[in-house]
Amino acid sequence: MSLSITPLSPHTGAEVRGVDLTRGIDEATRARLNRAFVEHSVLVIRDQKFSPPQMLDAVRLFGEVFEQHNSRFALPECPLVHYISNKDFFPDGTRYIPGEGYHTDHSNDVQPPKATVLHAVELPDVGGDTQFVNMHRAYETLPDATKARVEGLKAVHVYQSRHSARKLMGLDPSRRERVPEAVIHPIVRTHPESGRKSLYINPIRIEGIVGMAEPEALSLLDELLAHATQLSHEYRHKWQPGDLTIWDNRCLLHKANGDYDMEQTRYLYRVMLRGTAPV
Ligand code: SIN
């Protein structure tokens, strides 16, 4: 098998073929995949088949595993692997679609995960795509006046912002102490590997901007989100069975789509990888 890495859009995403991550991967291949991850921000590694422990082993090629906050989605037999499913319901009976609405994962951590990895186990026939927008491009294409306005600003991130349109499933009580009440991160961050700047916003977690009145902060965040989520910044991933998709939370927002037949099942394994505090 020979490894191929092919861009999926002009700015975000690359498809990887010709590798079976359940087999030993040599150092040159590991280094090539890691470089491609930083360059393309999303890698879609096709035709993989993993048990949960095999997936954990495979993703360690890209870093150390991060313990996800809400243990209610952990697989009992392999708790560092969580699941994404359309078959869970809120206590009031409404269906829970994990990941709806643009966000970056676990930005309410002091050291948010650098990457999230999903492995498609069962998919609906049509729909259920994941959309990604590239926050390097979002930053780089801001008008100069807006760049000057956001430089040095810091935002307060919490588990669930009171401004969030999306409701999250409550934290498992055993985890409340592990998850900080609130953390502060810069709105413009620099990628620790590429040195590129990106916007770091999260409509689900950001409660406010330090030192800014709420109406002004919310209006600025809305403006930044509208700019970031333009189609020209997007790569839309159409899942295929066996995909292992890893994305860079440091420079992307993503969202899931609950636009498919809910009688069908959408089920993926999810692992996150440790990151560093945004600067
Ligand atoms: C997530 O936000 O982690 C889930 C994304 C998806 O299900 O497509």
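Tutor: In this structure, helices (H or I, at least four residues) and strands (E, at least two) are DSSP runs numbered from the N terminus. The model is predicted, so local features need pLDDT of at least 70 and side-chain atom pairs count only at pLDDT 80 or more, whereas totals for chains, interfaces and linings use all residues. Residues are numbered from 1 along each chain as its sequence is written, and side-chain values use heavy atoms, with hydrogens and water left out.

Student: Why is D47 called buried or exposed?

Tutor: Buried means under 20% relative accessible area and exposed over 50%, with partly exposed in between (1.4 Å probe, protein chains only). D47 has 58% relative accessibility and therefore counts as exposed. The residue sits in the loop between β3 (42-45) and α2 (52-59). Its phi is near 60°, a positive value in a residue other than glycine.

Student: H106 also has a positive phi, of about 50°, although it is not a glycine. Why is H106 called buried or exposed?

Tutor: H106 reaches 6% relative accessibility, so it counts as buried. Its place is in the loop between β8 (95-96) and β9 (115-122).

Student: What makes a space a cavity, and how many does the search of the whole structure find?

Tutor: On a 1 Å grid over the protein atoms alone, a cavity is a set of points where a 1.4 Å probe fits but cannot get out; a pocket is an open set with protein on both sides within 12 Å along at least five of seven lines; lining residues have an atom within 4 Å of a point. The search finds three cavities of 30 Å³ or more. The largest cavity holds about 270 Å³, a volume being the space filled by probe spheres set on the points, which are joined across faces, edges and corners. The largest cavity is lined by 20 residues, of which Y96, H106, R166, R205 and R270 are the closest to its centre. Strand β6 (residues 78-85) gives the largest share of that lining, three residues.

Student: How is the lining of the largest cavity divided by class?

Tutor: Ala, Val, Leu, Ile, Met, Phe, Trp, Tyr, Cys and Pro count as nonpolar, Asp, Glu, Lys and Arg as charged, and the others, Gly among them, as polar. By that rule the lining of the largest cavity has nine nonpolar, seven polar and four charged residues.

Student: What is known of the second largest cavity?

Tutor: Its volume is about 110 Å³. Of its 14 lining residues, I84, P98, G99, L118 and A256 are the closest to the centre. β9 and β18 (252-256) each supply at least two residues of this lining, and β18 gives the most, with three.

Student: Which residues surround the ligand?

Tutor: A residue is near a molecule if one of its heavy atoms lies within 4 Å of it. By that test the ligand is surrounded by I84, G99, H103, D105, L118, T130, H254, A256, R266 and R270.

Student: What makes the approaches of H103, T130 and R270 to the ligand polar contacts?

Tutor: A polar contact is a pair of N or O atoms within 3.5 Å; within protein, one must be able to donate a hydrogen and the other to accept it, and residues adjacent in sequence count only if both atoms are side-chain atoms. An oxygen atom of the ligand is 3.0 Å from an N or O atom in the side chain of H103 and, for T130, an oxygen atom of the ligand is 2.5 Å from such a side-chain atom. A polar side-chain atom of R270 lies 2.8 Å from an oxygen atom of the ligand. Each pair therefore meets the limit of the definition. Taken alone, the ligand exposes 260 Å², and the protein buries 99% of that, as computed by the Shrake-Rupley method with a 1.4 Å probe, where for residues only the protein chains shown count as cover.

Student: Why is E15 called buried or exposed?

Tutor: E15, in strand β2 (residues 14-17), counts as buried because its relative accessibility is 16%. Its side chain forms a polar contact of 2.7 Å with that of R46 and another of 3.3 Å with that of R17.

Student: Why is A138 called buried or exposed?

Tutor: A138 has a relative accessible area of 0% and is therefore buried. The residue belongs to helix α3 (residues 135-140). Its C-alpha atom is separated by 6.7 Å from that of L199, 61 residues apart along the chain.
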